[in-house]
Amino acid sequence: MAKKESVEISDYERQRQENIAQRDKLLRQLALDASAAGLGPGQKPKPPKPAQKKRPAVKKIKEEVVPRRTSSRIAGIEADSEVAKRKAEDEYVAAQEAARVKRQRISGPLDLSEVQVAGKGWDKDDNSFRDVFRRGADPGERTFGEEEVKETTDKELRALREKMSGLELYDGFEPNRIKITPERIYSLGFHPAGDKPLVFAGDKLGNLGLFNASQPSSSSPTKKSSPIKSEDHDEESQDEDPEPNITTFHLHTRTISSFQFSPHNPSHLYTSSYDSSLRLLDLTQSSSTEIYAPVDDSLDEPISGVEMDPLTPHLLYFSRLDGCLGRVDTRTPDTNTDIFRLSEKKIGGFSLNPTVPHFVATASLDRHMRVWDLRKLGKHTAGGGGGERSPALCGEHESRLSVSHAAFNSAGQVATASYDDTVKVHTFEGMGAWRAGRDLLSAEEMAPSAV
């Protein structure tokens, strides 16, 4: 094989390479000198990593385990056999049922700590929203104590607070033993007789319960036991505690919404019910009589309240959930019954002025408290009134949410309770001198004097 011939380098090329070698040597020397003097570029120190905050573990929601498919070959099931088909159908049904359960609506109360899926761990004891939405008095906490009573300058208010602070709970029987009605109580009140505390209550299914709270029990301090025991005294009967004196009657088929004792005959109790009827319970005659009901038994016209005219003992007023106010003459209820439409929505409560009962205040679901004059009947459309014969509207006041009840006092004031968590007091002076059919009260005159 022939050797490669050596290539001769020109003087120019030789000089160029020598210059490059000298330059590289000089640069290396300069880099070494700079490094030794501490002038050379060094590596930047890495910034420390910020400490990561531990995130609270979110409680995982346990999901129902869906059954997995199992091998038919391992189970010894032949392919395309009836057993295999049934097994496949069962697995399909189980999967469909699991999917349906997953999409099904959750009923009942939910604890937010159990249904949280993202965000900071929820602690109901450290709930920052509680102070935002809390309004009014705290449940279970007193609104005034001894210090507040001492600092009260109003004599009447101080006397009332001292009287309320001195009240004590009834200790004749434990509360869980006084089951006055079988179901939830919707109406409750005392008998007007002052010599004996008799409690009446109406429940959800139309039962009326009577409880004699004057009955002493063995734990009551008013009942004294004799220190001397008779030989023939039965010790077992001495230890027995008597049951509360409770009597219950089934007067209506649906909720007893309210009741009122007659101011002229304390043995007469009028009850109203969602079964569209009014009944009179005569305690002395031990009988209950129907006073009012729709002519057509198929009509559903639930009654929300009942009140008797304090000056005319035979006039009974009632309100209905369809926005009507009724007036019935108890002497001839079949012929003398008037129905007035006062609102397009439910009337939750009403009240007659005890001194001038031709004025009535109504509380409605349409957020209004209205005052009506029953002396002037005609065709009025203001305030929701309608029909050929309806009372004249004196004025109305609108709240932020629906008004549940309105109550007159003898001074001409109306107290209302509303779902906006307020109790308002409206003051109307000189109502006895108001002429029939007077002009509507202005918004300022209908405004509450206290909230």
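Contact here means heavy atoms within 4.5 Å. The model is predicted.

**Exercise 1. Describe the chain as a whole: its elements, its burial and its contacts.**

Step 1. Start with secondary structure. The chain has eight helices and 19 strands.

Step 2. Turn to burial. Of the 451 residues, 30% are buried.

Step 3. Add the surface. The accessible area of the chain is about 32,400 Å², and carbon and sulfur atoms account for 52% of that area.

Step 4. Check the contact range. Take contacts between residues at least 6 apart in sequence; 47% of these join residues at least 24 apart.

**Exercise 2. Work out the strand order of the sheet that holds β13 to β16, and find which strands stand at the edges.**

Step 1. Write the order. It runs β13-β14-β15-β16, and the sheet is open.

Step 2. Assign the sense. The pairing is antiparallel.

Step 3. Find the edges. β13 (347-352) and β16 (390-398) each have a single partner strand, so one side of each lacks a neighbour in the sheet.

Step 4. Add the twist. From one strand to the next, it averages 25°.

Step 5. Look at one pair. β15 (residues 368-378) joins β16 through eight bridges, in the antiparallel sense. Leu377 has Pro391 in β16 as its bridge partner.

**Exercise 3. Place Val371 in the largest nonpolar core and list what Val371 touches beyond its sequence neighbours.**

Step 1. Recall the background. In soluble globular proteins, nonpolar side chains tend to be buried together.

Step 2. Size the core. It has 16 residues. Val371 is among those that touch the most other members, along with Met369, Val414, Phe428, Met431 and Trp434.

Step 3. Map the core to elements. β14 (359-364), β15 and β17 (403-408) each give two or more residues.

Step 4. List the contacts, skipping neighbours within four places in sequence. Val371 meets Val360, Ala361, Ala392, Leu393, Cys394, Gly395, Phe428, Met431 and Met446.

Step 5. Keep the other core separate. It lies apart and has 12 residues, including Leu342, Ile347, Phe350 and Trp372.

**Exercise 4. Decide whether Ser418 is buried or exposed, then describe its surroundings.**

Step 1. Locate the residue. Ser418 belongs to strand β18 (residues 413-418).

Step 2. Apply the cut-off. Buried means under 20% relative accessible area. Ser418 has 12%, so Ser418 is buried.

Step 3. Find the polar partner. The side chains of Ser418 and Asp420 make a polar contact of 3.0 Å.

Step 4. List the other contacts, leaving out residues up to four places away in sequence. Ser418 touches Ser399, Leu401, Ser402, Val403 and Ser404.

Notes:
Residues are numbered from 1 along each chain as its sequence is written. This is a predicted model: local features need pLDDT of at least 70, side-chain atom pairs count only at pLDDT 80 or more; totals for chains, interfaces and linings use all residues. Side-chain values use heavy atoms; hydrogens and water are left out. Two strands pair if DSSP finds at least two bridges between them. Helices (H or I, at least four residues) and strands (E, at least two) are DSSP runs, numbered from the N terminus. Axes are lines fitted to C-alpha atoms, for helices over the stretch in contact, and angles run from 0 to 180 degrees between N-to-C directions. Buried means under 20% relative accessible area, exposed over 50%, partly exposed in between (1.4 Å probe, protein chains only). Accessible areas come from the Shrake-Rupley method with a 1.4 Å probe; for residues, only the protein chains shown count as cover. A nonpolar core is a set of buried Ala, Val, Leu, Ile, Met, Phe, Trp, Tyr and Cys residues joined through side-chain atoms within 4.5 Å. A polar contact is a pair of N or O atoms within 3.5 Å; within protein, one must be able to donate a hydrogen and the other to accept it, and residues adjacent in sequence count only if both atoms are side-chain atoms.
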